[in-house]
Amino acid sequence: TPPVVTDPRRAEQWALDTLGAESAWRVATGGGQLIAVVDSGVKPDHPDLAGRVLPGIDYIRRSAGQPYVGSAIDPLGHGTHVSGIIAAAAGNGIGIAGLAPGATILPVRVLDSTGSGASSDVARGIIWAADHGATVINLSLGADVDRADKPADPTMRTAVQYAVGKGI
């Protein structure tokens, strides 16, 4: 059953109108999809995301050079914002509605509190997400593009190819 939208900021979400979200929800709401958000982390207790954010991994806050597994708390807000666009609860009378409100979020923190990060951490995050059940990997971040005169980072290319090879 598609959600009945009662979210106060739904009217501001032009992208959901463009995509015909209410019609799409009659077919699917993202249930069964594990969407890795490779970004600045996610606030798992956000009211629109609570209960649908898994423990993730943090490549920024390291202990003895190793990634911190089990938490990817967002100090910036960008990863939480992106996660809301993807999977905010629809029809809960709070905030916004996500395009796939039935999806689960897997946070992968690769950006610091200023939004900066290393492409090597992004690549590691893509591979980690691919190896931990992600069915979709979202990258809402910037990096060099692959051009004939300036090839992209080969580590990133390899990580993306790895995920695509796993059907992601």
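In this predicted model, Leu139, Val160 and Val164 form a nonpolar surface patch of about 230 Å². Leucine 139 sits in the loop that links strand E5 (136-138) to helix H5 (154-165). Its relative accessibility is 34%, so leucine 139 counts as partly exposed. That value also passes the patch cut-off of over 30% relative accessible area.

Strand E4 (residues 104-109) is mostly covered, with five of its six residues buried. Two strands pair with E4. Strand E1 (residues 34-39) does so in the parallel sense, over six bridges. Within this pairing, alanine 36 has leucine 106 of E4 as its bridge partner. Strand E2 (residues 57-63) also runs parallel to E4, joined to it by two bridges. Here isoleucine 57 is bridged to valine 108 of E4. In a regular strand, side chains alternate between the two faces of the sheet.

The largest nonpolar core holds 20 residues. Ala36, Val108, Val110, Ile126 and Ile137 touch the most other members. E1, E2, E4, helix H4 (119-131) and H5 each supply at least two residues of this core. H4 gives the most, with six residues. A second, separate core has 11 residues, among them Val42, Val53, Ala87 and Ala103.

Valine 108 illustrates the contacts made from E4. Neighbours within four places in sequence are left aside. Its contacts then include Ala36, Val37, Val38 and Asp39. Ile57 and Tyr59 are also in contact with valine 108. So are Gly125, Trp128 and Ala129. The contact with Ile57 involves the bridge partner of valine 108.

Serine 71 lies in the loop between strand E3 (66-69) and helix H3 (78-87). Its relative accessible area is 15%; serine 71 is therefore buried, the cut-off being under 20%. Beyond residues up to four places away in sequence, serine 71 touches Gly56, Ile57, Asp58 and Arg61. Ile57 is thus a contact of serine 71 and a contact of valine 108.

Proline 3 belongs to the segment before helix H1 (14-19). With a relative accessible area of 21%, proline 3 is partly exposed. Proline 3 and alanine 90 are 87 residues apart along the chain, yet their C-alpha atoms are separated by 6.1 Å. Ala90 is also one of the residues that proline 3 touches. Trp25 and Thr29 are the others, not counting residues up to four places away in sequence.

Note on methods:
Residues numbered from 1 in each chain as written. Predicted model: local features only at pLDDT ≥ 70, side-chain atom pairs only at ≥ 80, totals over all residues. Heavy atoms only, no water. Helix = DSSP H or I, 4+ residues; strand = E, 2+ residues; numbered from the N terminus. Buried < 20%, exposed > 50% of the residue type's maximum accessible area, 1.4 Å probe, protein only. Contact = heavy atoms within 4.5 Å. Pairing = 2+ DSSP bridges. Patch = residues over 30% accessible without salt bridge, like charges linked within 9 Å, V, L, I, M, F, W, Y side chains within 5 Å. Areas by Shrake-Rupley, 256 points an atom, 1.4 Å probe, with all protein chains shown as cover. Salt bridge = Lys/Arg side-chain N within 4 Å of Asp/Glu carboxyl O. Core = buried A, V, L, I, M, F, W, Y, C linked by side-chain atoms within 4.5 Å.
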